[in-house]
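Student: Please choose one part of this model and take me closely through how it is packed, with the criteria behind each term spelled out.

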Amino acid sequence: MSDLSCKIESVPERWMGLGGRGLTSTIIAEEVAPTCHPLGQHNKLVFAPGLLSGTPAANSGRLSCGAKSPLTGTIKEANAGGTSAQMLAKIGVKALIIEGKPTDDGKWYNLHINADSVRLQEETELIGKGNFAVVQAINNRLGDKTGVITIGPAGEMRMTSANISIKDPDSHLRSHGRGGLGAVMGSKRIKFISVEPTEQKMAIANPQAFKEANRTFAKALADNPISKALGQYGTNVLVNIINESGGLPTKNFTLGQFEGHEAISGETMHDTIVARGGKPKHNCHPGCVINCSQIYADANGQYKTSGFEYETIWALGADCCIDNLDYVAEADSLMDDIGIDSIETPVAFGVAMEAGVLKFGDGAELCRILKEDIGKGTALGRIIGNGAGSVGKAYGVTRVPVVKNQAIPAYDPRAIKGIGITYATSTQGADHTMGYTIATNILGVGGKVDPLSKEGQVELSRNLQIATAAIDSTGMCLFIAFAALDDATCLPALIDMINARFGIHLTANDVTNLGMSILKTEHAFNLAAGFTNKDDRLPEFFSEEAVAPHNVVWDISDEAIDSFWNF
Amino acid sequence: MQLNVKLFAYFRDNRFKQKLMDFPAGTTVEEIVNTLDIPLAEVGVIMLNSRQCEMYQAPAEGDQLAIFPTIGGG
């Protein structure tokens with residue numbers, strides 16, 4: 001962006017076998033100085049479809065986005081559904097790297113990509129607009145099949161919880177949610193990226209073998225009982241089970257169960273959607289056979305929000321004590337439009353509620369602050385829009401649930417100890433998706449490890465973090481992991497598809513090695529950025545304040561946490 | 001003995017959300033699941049007083065038993 005030029009380069013040999021997170025993290029590690037300012041000219045914003053994106057492989061439409069995070073200061077990868085990953089892959093884009101920074105701070109730009117070219121153009125019309133208006137305007141300008149990658153006002157204002165939104169098949173939004181990547185895009189002065197549809201098809205080295213493997217893979221996903229429950233209740237099916245386990249962080253992490261859990265549960269949400277004529281099932285990208293998204297309608301039966309996720313509903317519901325799904329849906333829609341992470345932001349509100357900025361349970365006031373303060377960038381809006389850590393500092397609160405300054409999501413690490421290891425050791429700050437031990441700690445998937453015991457948690461988190469890094473490189477949705485952990489046909493079929501796509505001979509060991517190598521690359525970046533093992537710790541209140549109903553504290557030793565990296 | 005039995009997701013269909021139920025002392029979780037006409041193979045997670053438990057366990061007076069089908073999310 002420094003000289004406002006675009007270049008199409010051939011892919012270096014060493015990057016050929018990489019995709020998704022493996023590629024974004026490799027590029028960031030090779031090309032970004034770990035000590036650089038995340039919003040300065042030396043950071044780079046990298047988008048990469050996965051290895052199987054753009055092929056007919058089921059559930060392969062995830063797009064990875066990476067940079068040095070302005071929220072955490074670590075390396076960051078956030079992936080999202082929507083239509084752009086498949087479109088970029090079909091055009092032949094292995095990665096899109098945005099680097100430098102314009103010298104003229106007064107101008108904004110958009111990037112348009114088609115099968116032949118990349119064009120950078122000045123953008124004036126859509127600056128200051130919310131994401132929904134951006135998508136609508138691009139649909140009008142370029143046609144509704146156009147892929148859209150956009151930032152809202154939060155990204156323009158470089159708030160460190162700004163996300164990057166991706167248009168889904170129905171012109172609603174999915175998000176590269178975590179770590180403030182929207183602020184990095186804003187620092188590059190790019191409001192949106194548009195991707196032109198193409199008729200081109202992906203080259204597949206062995207089409208017959210690919211087809212057979214995909215059939216087996218899709219069947220394993222579709223037959224899995226968890227996939228079926230996800231289609232019916234969405235990810236929000238978790239509210240009641242996590243509440244029952246005593247691991248649902250409530251009232252800014254002071255309790256492990258929420259009295260109003262039924263009102264915000266997946267069961268209530270399903271019944272409400274059906275009664276109001278919404279859609280319980282919806283896909284965030286073509287080819288998804290799980291359909292965990294949904295269309296949530298308001299009391300008048302009008303569209304309110306989609307992609308209404310457990311973590312968002314937990315954070316607004318239990319953590320902020322708002323026991324009303326309509327306020328939660330309104331806030332979700334506002335966050336989508338403003339372009340701000342729907343985990344970081346409500347956790348920041350929970351800290352603000354503890355500080356007395358607003359009352360716990362006040363959904364109307366939360367929505368007002370979202371619109372009038374965060375959306376408009378007032379001083380209060382910027383304090384909250386910079387995340388939970390920022391609110392804690394501004395108001396002198398000590399109970400601030402963050403690791404490496406990123407908000408801890410929907411599972412209390414005192415009552416579900418495996419996830420505490422993931423929060424502490426993840427290369428990206430607190431993030432449940434990096435190593436989802438809930439599967440084995442609570443859901444009985446991939447075996448069982450008692451959530452309240454100290455035993456086996458490090459190994460569980462390590463194995464899952466390695467597997468996740470590999471899955472995040474394929475373009476696959478992470479929800480394939482439920483089938484992969486318990487159905488013996490699933491993972492071999494996935495590897496067969498990669499082999500058939502590229503004409504190669506990967507084994508399961510190669511995939512594990514890929515996962516390990518990605519984690520080590522990311523860890524090395526963080527160490528070079530100045531992080532040490534002392535940063536792999538949970539906030540002290542978790543060790544000192546017992547959480548009901550089990551009355552447990554975080555009690556896994558520092559030595560045990562550090563042993564995570566012994567591989 | 002009286003137990004507080006809680007059902008979740010589609011196990012609630014044509015049954016209940018939560019109910020105080022009487023069982024003879026020593027009744028196992030498996031027997032309770034059978035009494036409720038829930039197919040054993042569909043049970044994903046059982047919690048007794050918010051702790052993971054197994055089918056062979058026998059709840060005690062006043063316990064809270066939560067029965068979930070196989071579910072997931074995140």
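Tutor: What follows is a close look at one helix pair, and then at a contact between chains.

The model is predicted, with local features needing pLDDT of at least 70 and side-chain atom pairs counting only at pLDDT 80 or more, while totals for chains, interfaces and linings use all residues. Residues are numbered from 1 along each chain as its sequence is written, and chains are lettered from A in the order in which they are written.

Helices here are DSSP runs (H or I, at least four residues), numbered from the N terminus. In chain A, helix α6 (residues 207–223) and helix α20 (residues 490–502) have axes, fitted to C-alpha atoms over the stretch in contact, that come within 8 Å and cross at roughly 150°. That angle makes α6(A) roughly antiparallel to α20(A) (over 145 degrees, between N-to-C directions). The crossing is left-handed, the near helix being turned anticlockwise from the far one by less than a right angle.

Residues in contact have C-beta atoms, placed from the backbone, within 7 Å. On α6(A) they include Phe210(A), Ala213(A) and Phe217(A), and on α20(A) they include Leu494(A), Met497(A) and Arg501(A). By class, this contact has 10 nonpolar, two polar and two charged residues (Asp, Glu, Lys and Arg count as charged; Ala, Val, Leu, Ile, Met, Phe, Trp, Tyr, Cys and Pro as nonpolar; the others as polar).

Between chains, 29 residues of chain A are in contact with 16 residues of chain B. Elements giving two or more residues to the chain A side are α7 (225–233), α8 (238–245) and α17 (438–441), and that side divides into 17 nonpolar, eight polar and four charged residues.

Key. Axes fitted to C-alpha atoms, helices over the stretch in contact; angles between N-to-C directions. Parallel < 35°, antiparallel > 145°, perpendicular 65-115°, else oblique. Contact = placed C-beta atoms within 7 Å.
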